[in-house]
Amino acid sequence: MKASLIARREIRSHLSDVADLAFGLALPVLLTLLILAVFGTPDFFPTAHLVDADGGDAAWAFRGRLADRAQLEILDADEAHRLLERSAIHHVLWIPEGFGAALASGEGAGLRILRRGSGSLEGQVVTAIAHAVLSELAVEADAYRRVRIFADNLGIEPGTVDIDARTDAFLEREAAAPLVGVTTRTVGAVPDMALRTVAGILSMFLLFTVTLGAVGIVEERRSGIVERMKTVGVRPWDLFGGKMAAGIFKGMLQAGIMLALLALLDSPPPAVRLLGALGFSILALLTFGILGLLLGGLARTREQALWAAILFTMISSVSGGTFFEISASPTTAAIARVSPVYYAIQGLQAILEGGGWSAVATPLGLLLGILGILGPTAFWVFRRAWERGLE
Amino acid sequence: MAQFVSATQLHKSFDGQPAVNGFSLTIDEGEIFGLLGPNGAGKTTTIRMLATVLAPDAGDAHIGGHSIVSAPREVRRIIGLCPQDIALYEDMSARDNLLFFGRMGGLTLREARTRAVECLETVNLTARADERVARFSGGMKRRVNLAIALVNRPRLLFLDEPTVGVDPQSRASIYDTIRALAHGGTTVLYTTHYIEEAENLCSRVAIIDAGRIIALDTPEGLHGLLPDAERPTLEDVFLHLTGRTLRDV
């Protein structure tokens with residue numbers, strides 16, 4: 001009863017504070033819309049930044065084929081250097097002068113790649129595509145050259161047979177039925193970048209509960225409100241439960257907004273998945289709320305609580321996979337395994353992408369396990385702080 | 001009058017440093033009892049122990065017949081604490097603060113509403129009852145702080161320096177409220193730095209230093225501790241007993 005009154009007071013205060021409300025509700029809306037705008041298209045289509053210093057037929061052929069597989073951005077030499085210099089782009093494909101002549105003569109045409117560091121993931125993809133296109137062009141140029149030499153050796157007069165047209169036809173047949181082929185088969189649910197990112201950002205918002213919970217309880221303690229509550233007969237579990245309930249409500253408001261906005265997607269997840277994600281968010285909020293009260297019970301000052309919570313949030317967000325796939329780094333992947341944020345993100349992704357019970361069971365079980373350990377520990381710490389006079 | 005508070009040999013230390021060191025006293029029902037002492041003398045720690053916020057390391061006290069050690073819940077039903085800090089929600093109105101702490105103290109919504117009206121009247125804040133406390137002056141906030149301590153009809157009221165930083169009008173209003181409460185039978189334990197407050201308000205005063213009572217009597221009786229002085233004030237007595245060394249805590 002008292003817990004619900006404490007929760008109601010806090011929720012009322014949250015809803016009546018315009019700045020608090022604007023930050024709490026508008027930010028998820030903005031972030032979700034941004035994510036949908038960035039990742040709304042289903043496929044990744046890299047941009048190739050290209051300088052064409054040759055400008056010949058072969059260079060145009062290279063550009064044409066590249067444009068089939070990547071977005072082309074043509075730059076002049078100065079602009080390319082300037083953009084690379086200030087890290088606005090991370091790679092440039094440079095077609096040097098004499099590229100076409102070298103390709104036709106079989107002397108070995110060179111494509112230069114300028115990059116900052118590793119050239120970013122996009123630059124590496126574009127480089128691989130450029131290599132493939134260049135190999136195709138080299139094979140074709142070699143075919144034309146060899147056919148011409150062969151015809152010349154047979155004494156076929158140039159002009160009596162259109163050697164290049166015949167070579168074209170041969171190459172087209174070869175392209176239609178290549179000797180070596182690659183087939184692609186899609187297995188399981190299609191990874192959706194928008195859903196994956198929403199799951200990460202949603203977890204980050206749920207994670208704010210840690211900071212809000214830790215700082216909130218320390219502030220009430222320092223102002224004497226908790227002391228006053230104690231003298232009117234409030235028990236530690238009343239306050240603990242009230243704070244938890246208020247934290248869950250505020251987090252659910254944000255989660256509800258973010259998930260509702262997913263309906264803006266071209267093919268939104270079914271309602272049952274959105275409700276499932278909302279349900280899973282409660283579990284995540286319980287875990288994060290308890291963590292917040294644990295930190296609040298340990299901290300003596302507002303600053304201690306704030307920085308401990310921020311540190312936890314930062315490390316958990318990055319290592320837990322909020323912003324990128326943690327499998328990219330074995331170290332972060334190992335760190336992530338001890339973070340409840342990781343399992344929150346995994347669970348939300350699995351539910352939103354329709355990964356099925358088997359995909360949800362592991363993060364759900366592990367999060368429940370973490371909750372089972374954290375819950376009693378946090379309450380024990382909270383109660384000790386309460387009994388020692390909340391100093 | 002019947003004895004309402006009796007403390008026996010209360011001790012409390014923090015990190016090995018004794019804050020309260022063998023504190024004993026009795027307070028009669030309906031009495032306004034003053035606790036005077038320099039900074040760090042142990043006044044607030046004593047009040048926090050008696051109000052069951054802190055558990056004593058040793059000793060016990062009985063309030064209305066209930067032990068603060070073995071029956072703190074019963075003690076909490078009959079006390080009200082007005083802490084030194086303004087402990088309320090500034091983003092809420094004065095009335096909502098009273099309703100909230102009334103409900104926390106176990107009042108029904110109807111009872112809490114009635115008490116909120118009565119307590120706001122008592123501290124002369126009826127006209128501003130529905131304004132957010134954040135807009136109030138320091139004196140008005142102090143009066144709301146006092147009203148919250150009254151909302152659950154306490155039989156013993158702890159007032160820990162309730163007039164710090166308050167303008168003379170608000171201070172006079174708080175004095176009137178305290179006198180009226182005592183007249184109605186409420187027992188008051190009052191700590192203050194302002195010696196004239198203790199002199200004018202309290203029927204008995206204890207001077208506390210280094211965690212123990214060094215003098216206890218009526219204000220007039222304390223004057224007698226300086227028989228050689230001509231018309232001594234309580235401040236003269238206080239300085240005589242506690243010394244003139246600065247207490248920077």
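The questions below cover the salt bridges, the chain A to chain B interface and helix α3 of chain B in a predicted model. Residues are numbered from 1 along each chain as written, and chains are lettered from A in the order written. Local features need pLDDT of at least 70, side-chain atom pairs count only at pLDDT 80 or more, totals for chains, interfaces and linings use all residues, and side-chain values use heavy atoms, without hydrogens or water.

Q: How many salt bridges are there over all chains?
A: A salt bridge here is a side-chain nitrogen of Lys or Arg within 4 Å of a carboxyl oxygen of Asp or Glu. Over all chains, that rule gives a count of 24.

Q: Which residue of chain A forms a salt bridge with B:Asp96?
A: The closest N and O atoms of the pair are 2.8 Å apart. The bridge crosses between chains, from helix α3 (residues 94-104) of chain B to helix α1 (residues 2-16) of chain A; helices (H or I, at least four residues) and strands (E, at least two) are DSSP runs numbered from the N terminus. The partner counts as exposed because its relative accessibility is 56%, where exposed means over 50%, buried under 20% and partly exposed in between (1.4 Å probe, protein chains only). That partner is A:Arg12.

Q: What separates A:Asp142 and A:Arg145 along helix α6 of chain A?
A: Their side chains meet in a salt bridge at 2.4 Å, N to O. Both count as partly exposed, A:Asp142 at 24% relative accessibility and A:Arg145 at 23%. An α-helix has 3.6 residues a turn, so residues three or four places apart point the same way. Because A:Asp142 and A:Arg145 are 3 residues apart in α6 (residues 120-154), the separation is about one helical turn.

Q: How many residues apart in sequence are the parts tied together by B:Lys141 and B:Glu90?
A: These two side chains form a salt bridge of 3.3 Å, N to O. B:Lys141 lies in helix α5 (residues 138-150) of chain B and B:Glu90 in the loop between β6 (79-82) and α3, so the parts are 51 residues apart.

Q: Is B:Lys141 buried or exposed?
A: Its bridge partner B:Glu90 is partly exposed, at 32% relative accessibility. The value for B:Lys141 is 14%, so this lysine counts as buried.

Q: What area is buried between chain A and chain B?
A: The contact (heavy atoms within 4.5 Å) takes 25 residues from chain A and 29 from chain B. Buried area is the accessible area (1.4 Å probe) that two parts lose on being put together, summed over both. Carbon and sulfur atoms give 54% of a total of about 2400 Å².

Q: Which three residues supply 30% of the area that chain A buries against chain B?
A: No other three residues supply more of that area. One of them also forms a salt bridge with B:Asp91, at 4.0 Å, N to O. The three are A:Arg9, A:Arg228 and A:Thr231.

Q: How many salt bridges does the rule find across the interface of chain A and chain B?
A: One of them joins A:Arg9 to B:Asp91. Across the interface of chain A and chain B, the count is 3.

Q: Which elements do the buried residues of α3(B) pack against?
A: In α3(B), 10 of its 11 residues are buried, among them B:Leu98, B:Phe100 and B:Met104. These buried residues pack against α1 and α9 of chain A together with α4 (109-122) and α5 of chain B.
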